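Q: I'd like to learn how to read the domains and pockets of a model. Can we walk through one together?

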Amino acid sequence: MLSKKSQYAFKALSYLVEKRNEGPILISEIAEHKKIPLKFLENILLELKKADILDSKKGKGGGYFFKEKPENVKLAKIIRLVNGPIAMLPCVSLNFYEKCEDCNEDHCGLHDVLIEVRDASLNILEKKTLMDLVD
């Protein structure tokens, strides 16, 4: 399940995609239009800025805008950045792997099924970009 933080990130990014040709967008405008708590949104947008997905401009005419073209930003990248692993168990994660306690991966049916779930999810999320979030 996507965390609230991820849901807010996608809402904010979809708004920025819609407004991408209008210059920098104030964080307060995003928060108001997408009903996201301002302080929470500030942290999310800073994370996206540190990851070079967004950039910001201060002062008059300032706000947030895309540093990376939205058509090049895969949804999987945003989920991993904001939410963490896409996989449902740490033992099947590609980027956040951890061995499960008291588990033998060679003989674990759940492990095998969740690898298929992970791969199916990634097959979609690695193809879809931020542009797919808007009509």
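Q: How many residues of domain 1 are in contact with residues of domain 2?

A: This is a predicted model, where local features need pLDDT of at least 70 and side-chain atom pairs count only at pLDDT 80 or more, while totals for chains, interfaces and linings use all residues. Residues are numbered from 1 along each chain as its sequence is written, and side-chain values use heavy atoms, leaving out hydrogens and water. Domain 1 is 4-66 and domain 2 is 70-133, with bounds from an automatic or database domain assignment. Counting heavy atoms within 4.5 Å as contact, 13 residues of domain 1 touch twelve of domain 2.

Q: How much area do domain 1 and domain 2 bury between them?

A: Interface size is often quoted as the accessible area lost when the parts come together. Here that's about 1,200 Å², 81% of it on carbon and sulfur atoms (accessible area with a 1.4 Å probe, summed over both parts). On the domain 1 side, Ser6, Phe10 and Ile53 lose the most, together 40% of what that side buries.

Q: Which residues stand opposite each other in S1 and S2?

A: Leu54 sits opposite Phe66 in S2. Strands are DSSP runs (E, at least two residues), numbered from the N terminus, and they pair if DSSP finds at least two bridges between them. Strand S1 (residues 54-57) and strand S2 (residues 63-66) run antiparallel, joined by four bridges. They form a hairpin with five residues between them, and Gly59 in the turn has a positive phi of about 85°.

Note on methods. Buried area = accessible area lost by both parts, 1.4 Å probe.
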